[in-house]
Amino acid sequence: MGLKQNLHNFKVKNKDKKWIPAFNALFTFLYMPNETTHGGTHVKAADDLKRTMNTVIIALVPCLIFGMFNAGYQHYLALGDIESAKGFLGASFWTWDNLVIGIIKVLPLVIVSYGVGLGVEFLFAIIKGHEVEEGYLVTGMLVPLIVPIDIPLWMLAVAVIFGVVIGKEVFGGTGMNILNPALTIRAFLFFAYPTWMSGDKVWVHGAVERAGTPDAISGETLLGAYAQNNTLAGIDYWDMFWGLIPGSVGETSKFLIIIGGLFLIFTKIGSWRIILSTVIGALVMGLIFNGVVDAGWISETSKFYGLMSVPFWQHLIIGSILFGAVYMATDPVTASQTNKGKWIYGFLIGFISIMIRVFNPAYPEGVFLAILLMNVFAPTIDHYVVQGNVKRRMKRLKAKVA
Amino acid sequence: MGLLSKKDAALITDPLADNNPITIQVLGICSALAITAQLKASIVMAISVLFVMGVGNVVISAIRNIIPSKIRIIVQLTVVAALVIIVDQVLKAFAYELSKELSVFVGLIITNCIIMGRFEAFALGNGLWRSFLDGIGNALGYGVILIIVGFFRELLGSGTLLGIPVLGDPIAKTGLYSIGYENNGFMLLSPMALIVVGIIIWVQRTRNKALIED
């Protein structure tokens with residue numbers, strides 16, 4: 001008898017125990033269960049929830065690995081120990097030293113995110129007596145990618161508990177949540193501990209503890225600088241595109257996000273409608289703002305001028321609008337379900353993101369707020385799309401009958 | 001209880017738990033969100049509402065047979081308004097700082113739906129003693145929730161209780177702060193008050209399944 005059979009017998013023997021969902025979760029993670037479906041025909045497809053989640057995780061792994069290298073790269077670059085890498089394959093980027101910093105700083109974020117989040121999931125599965133749901137697999141991967149590198153681990157743990165319990169479990173668990181849990185976690189961190197989630201210190205490892213000392217280094221993001229009507233010296237558009245800039249752990253490399261996005265579209269996990277319409281929405285809002293600047297309606301002293309005068313296409317490569325569009329907005333649970341709804345939903349995400357970015361210099365990164373807002377409106381959008389469809393068909397029917 | 005019959009005692013105990021005005025009837029939420037960032041403000045608000053409801057219910061009950069039903073809302077408003085002005089003036093005289101902190105919310109006790117609700121639903125149809133008990137009971141039920149929410153919001157949001165630092169000094173980094181703890185700024189924002197009330201509702205309904213509505 002193999003290990004699998006032993007585990008199966010163990011499961012059957014203990015099927016009434018309270019903790020069995022926790023065991024089942026680990027068991028089905030490792031093996032295909034022995035049971036087959038009973039009764040009539042069922043839809044058979046390979047892309048079950050676990051497969052879907054795993055695909056998204058595969059799409060995220062390049063961002064995570066890049067984020068690890070970037071953590072060290074930004075740290076040493078700010079200290080002046082290394083030269084600017086000049087391009088994606090630059091010699092001073094893919095170094096062992098950079099990776100070590102990344103492993104020391106990023107890996108604990110991943111472990112805390114998964115450990116705490118899955119702990120809460122297991123706990124709820126045992127209390128409610130249902131099987132552990134796979135929903136946290138992607139959330140747990142997204143969370144370390146959207147927080148600053150130096151965030152204290154206990155804050156992350158508190159936020160993960162809050163996000164999973166209030167954002168998901170109270171609504172009934174995976175598939176029932178209104179808000180994207182990863183963004184709920186980020187929103188909680190942002191409002192609870194603003195000094196660790198925004199400003200010009202938290203984005204580069206070491207900048208916080210060196211603040212106020214002669215060794216102080218800048219940890220500012222591009223967006224933060226633009227919002228203050230400044231620019232950061234020594235960064236060109238290719239750096240932004242390749243991702244060699246400070247920012248949250250995994251959102252800086254637009255190149256890898258685009259590859260991940262194409263992968264998601266190709267595997268039909270992510271909705272290309274949402275991704276495309278989010279980008280269009282952002283570009284439209286950017287164009288409107290450029291138009292306002294060109295028309296001379298605001299002066300250079302205005303506090304909106306810095307971000308409003310950014311050429312519209314640059315909004316896509318500064319900040320995390322692409323990351324949000326590809327990995328957050330496309331979350332099938334919280335997005336609109338209808339095709340027409342997806343266009344509206346995505347467009348408004350892009351549109352509102354850039355609007356918040358420009359009009360509220362205190363929240364230059366408005367993408368997560370825009371996505372959360374549209375998460376709330378997604379069912380409303382779907383409702384009207386469906387009603388419109390019903391009305392049109394009723395009319396057609398009437399015309400036919402008459 | 002010797003003093004109260006069983007039926008009368010229920011008027012006080014019901015609103016404390018199974019018929020709580022905030023967590024079960026979901027009334028008076030606005031003030032629960034607005035003034036619970038500090039425990040002290042919550043307590044003062046709870047006492048003010050206790051006074052207004054206790055006296056108001058008695059007054060309405062006393063004149064219930066001579067109020068023409070067409071203008072009863074106006075009469076009720078007049079009674080609440082008079083009582084609220086008394087509370088407001090007393091606070092201004094003896095606790096000026098606090099009354100500034102509560103600012104407009106004392107005046108807005110008038111619009112607290114729990115008060116009008118009890119006038120309409122209870123005082124207009126019951127005797128003096130029972131109306132008094134009902135007013136006290138509902139005000140206590142309201143106050144309990146206010147104080148629970150205020151306790152958690154002040155403790156986690158500012159690290160103090162009644163203005164006294166209990167977790168250490170956040171600037172000098174003593175107590176809990178010396179090991180990296182930080183105050184949760186979200187607790188001071190009103191959305192968090194709503195979430196705390198929501199958690200109380202959740203806990204209460206988990207303990208007593210009969211309270212779950214469909």
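**View 1. H3(B) passes H7(B) in a right-handed crossing.** This is a predicted model, and the first close-up stays within chain B. The two helices here are H3 (residues 39-62) and H7 (residues 113-121), with axes that come within 10 Å and cross at roughly 25°. An angle under 35 degrees counts as roughly parallel, so H3(B) is roughly parallel to H7(B). On the H3(B) side, the contact uses B:Val52, B:Met53, B:Gly56, B:Asn57 and B:Ile60. H7(B) answers with B:Ile115, B:Arg118 and B:Phe119. Sort the residues of this contact by class and you get 5 nonpolar, 2 polar and 1 charged.

**View 2. H8(B) and H9(B) also make a right-handed crossing.** Here we're looking at H8 (residues 128-158) and H9 (residues 190-207) of chain B, whose axes come within 10 Å and cross at roughly 120°. That angle makes H8(B) oblique to H9(B). From H8(B), the residues to pick out are B:Ile145, B:Ile148, B:Val149, B:Phe152 and B:Arg153. From H9(B), they are B:Met192, B:Ala193, B:Val196, B:Val197 and B:Ile200. The class split for this contact is 9 nonpolar, no polar and 1 charged.

**View 3. Chain B as a whole has 9 helices and 2 strands.** Zooming out a bit, the order of elements from the N terminus is α-α-α-α-α-α-α-α-β-β-α. Along the principal axes, the C-alpha atoms of chain B fill a box of roughly 65 × 45 × 35 Å. Of the 214 residues in chain B, 34% are buried. If you take contacts in chain B between residues at least 6 apart in sequence, 75% of them join residues at least 24 apart.

**View 4. Chain B and chain A touch through 8 residues from each chain.** On the side of chain B that touches chain A, the residues come out as 4 nonpolar, 3 polar and 1 charged.

**View 5. Chain A splits into domain 1 (49-262) and domain 2 (270-402).** Taken over C-alpha atoms, the centres of the two domains of chain A are separated by 23 Å. Their contact takes 28 residues from domain 1 of chain A and 26 from domain 2 of chain A. Look at the domain 1 side of that contact: H7 (181-192), H10 (222-227), H11 (237-242) and H12 of chain A each supply at least two residues. Which helix gives the most to that side? H10(A) does, with 5 residues. By class, the domain 1 side has 15 nonpolar, 10 polar and 3 charged residues.

For the wider setting, chain A has 17 helices and 0 strands. Buried residues account for 46% of the 402 residues in chain A. Among contacts in chain A between residues at least 6 apart in sequence, 74% join residues at least 24 apart.

**View 6. A:Ile317 lies in the loop between H14 (305-308) and H15 (321-328) of chain A.** Is this loop residue buried or exposed? A:Ile317 has 20 C-beta neighbours inside 10 Å, so A:Ile317 counts as buried. The cut-off for buried is 20 or more. Setting aside neighbours within four places in sequence, A:Ile317 is in contact with A:Tyr237, A:Met240, A:Phe241 and A:Lys254. Another residue to show in this view is A:Ile245, which is 72 residues away from A:Ile317 along the chain. The C-alpha atoms of A:Ile317 and A:Ile245 are separated by 11 Å.

**View 7. A:Lys268 has a positive phi of about 60° although it is not a glycine.** That's the backbone angle to check here, since most residues other than glycine have a negative phi. Where is A:Lys268 found? The residue is in the loop between H12 (254-266) and H13 (272-294) of chain A. With 11 other C-beta atoms within 10 Å, A:Lys268 is exposed, as the cut-off for exposed is 12 or fewer.

Methods: Residues numbered from 1 in each chain as written. Chains lettered and ligands numbered in written order. Predicted model: local features only at pLDDT ≥ 70, side-chain atom pairs only at ≥ 80, totals over all residues. Helix = DSSP H or I, 4+ residues; strand = E, 2+ residues; numbered from the N terminus. Contact = placed C-beta atoms within 7 Å. Nonpolar A, V, L, I, M, F, W, Y, C, P; charged D, E, K, R; others polar. Domains from an automatic or database assignment. Axes fitted to C-alpha atoms, helices over the stretch in contact; angles between N-to-C directions. Parallel < 35°, antiparallel > 145°, perpendicular 65-115°, else oblique. Left-handed = near helix turned anticlockwise from the far one by under 90°.
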